[in-house]
Amino acid sequence: MPLSCAFVNLKPGVGKTTSAVWLGHALHELGLSPLLVDGDPAASALRWSELAGGFPFPVIALPVGDVHRRVNDFLGNRQAVVLDAPQLEDHPRIARSIMRYASEWIVPVTPAPIELDRMAPIRGEMADVQSLRAEPARTAVLLNRTNRPDATRTGPDADAREALAERGFEVLDTQIARLDLYAQSFGISVQAKSSAYMDFAEELIKRQEEV
């Protein structure tokens, strides 16, 4: 089965689109020929690809409530699907449909108290969608816009990891540092080699192989 990963969160502005685009490029550079599905009515990922003169993999816009029924029509022989979901609080039907399709749900979270406080309602949304699936999706948190590029034993990033683990969330080993490289990349070409998103892609592939 292709690797299928959806970026989900209650709120906008947490780095879902940035992460989806960078992950798509990392998977492409690893030879997995991804499909990027832009499920957000704002179509930010699709617009990014247009401004960049196209990505080396297809981007399709599917801001509809039955994404889970349509994606395979565009999949072909591609080995990975990356889905950029809209915020659950504003577009629940689309976001839940994307979650019904993806086998891996990734929640980008900034290591800040206000962001950690929003995790309880996200858990409720996840439980509701899991009940609609034939098989449960894997779920994990991606620490985004962290203070340091690598996990540490002390500091805000470590505190966030501990708080999330106490609430029952799995946190990926990879974390994405707060860098202009990512924050200012909208609309330009991306090269994921040697970036944290390459580490992220490799971690996702390993998780897929362990299933």
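Student: Hi! Which helices each supply at least two residues of the lining of the largest pocket?
Tutor: Helix H4 (72–75) and helix H5 (92–101) each do that. Keep in mind that we are looking at a predicted model.

Student: Noted! How much space lies in that largest pocket?
Tutor: The largest pocket holds about 470 Å³.

Student: And which residues lie nearest its centre?
Tutor: Those are Met1, Ser4, Tyr101, Ser103 and Arg133, out of 16 residues that line the largest pocket.

Student: How does the lining of the largest pocket split by class?
Tutor: Eight of its residues are nonpolar, four are polar and four are charged.

Student: What about closed spaces? How many cavities of 30 Å³ or more does the count come to?
Tutor: The count comes to one. The space in this largest cavity is about 30 Å³.

Student: Which residues line the largest cavity?
Tutor: Its lining is made of Leu3, Ser4, Ser103, Glu104, Arg138, Leu204 and Gln208. Two elements give two or more residues to that lining, namely strand S1 (3–7) and helix H10 (196–210). You'll recognise Ser4 and Ser103 from the pocket, where they are among the residues nearest the centre.

Student: Oh nice. What classes are in the cavity lining?
Tutor: There are two nonpolar, three polar and two charged residues in the lining of the largest cavity.

Student: Let's switch to helix packing. You mentioned H10, so at what angle do the axes of H1 and H10 cross?
Tutor: They cross at roughly 75 degrees, and the axes come within 8 Å. Angles from 65 to 115 degrees count as roughly perpendicular, so H1 and H10 are roughly perpendicular to each other.

Student: Which residues meet there?
Tutor: From H1 you have Thr18, Ser19, Trp22, Leu23, Ala26, Leu27 and Glu29, and they meet Tyr197, Met198, Phe200, Ala201, Leu204 and Ile205 in H10. By class, this contact of H1 with H10 has ten nonpolar residues, two polar and one charged. Leu204 of H10 also turns up in the lining of the largest cavity.

Student: And H1 with H2, where do things stand there?
Tutor: Helix H1 (residues 16–29) and helix H2 (residues 44–51) have axes that come within 10 Å and cross at roughly 50 degrees. That makes H1 oblique to H2.

Student: Is the crossing left-handed or right-handed?
Tutor: H1 passes H2 in a right-handed crossing. On the H1 side the contact is made by Thr17, Thr18, Val21 and Trp22, and on the H2 side by Ser44, Ala45 and Trp48. Four residues of that contact are nonpolar, three are polar and none is charged. Thr18 and Trp22 of H1 are also in the list of residues that meet H10.

Student: Back to H5 from the pocket. At what angle do H5 and H7 pack?
Tutor: H5 and helix H7 (residues 119–130) pack at about 60 degrees, with their axes 10 Å apart. The two are therefore oblique to each other, and H5 passes H7 in a right-handed crossing.

Student: Last one: which residues in H5 and H7 meet?
Tutor: Arg96, Met99 and Arg100 in H5 meet Glu125, Met126 and Val129 in H7. Three of the residues in this contact of H5 with H7 are nonpolar, none is polar and three are charged.

How values were computed:
Residues numbered from 1 in each chain as written. Predicted model: local features only at pLDDT ≥ 70, side-chain atom pairs only at ≥ 80, totals over all residues. Heavy atoms only, no water. 1 Å grid on protein atoms, 1.4 Å probe; cavity = no way out; pocket = protein on both sides within 12 Å on 5 of 7 lines; lining within 4 Å. Points joined across faces, edges and corners; volume = space filled by probe spheres on them. Helix = DSSP H or I, 4+ residues; strand = E, 2+ residues; numbered from the N terminus. Nonpolar A, V, L, I, M, F, W, Y, C, P; charged D, E, K, R; others polar. Axes fitted to C-alpha atoms, helices over the stretch in contact; angles between N-to-C directions. Parallel < 35°, antiparallel > 145°, perpendicular 65-115°, else oblique. Left-handed = near helix turned anticlockwise from the far one by under 90°. Contact = heavy atoms within 4.5 Å.
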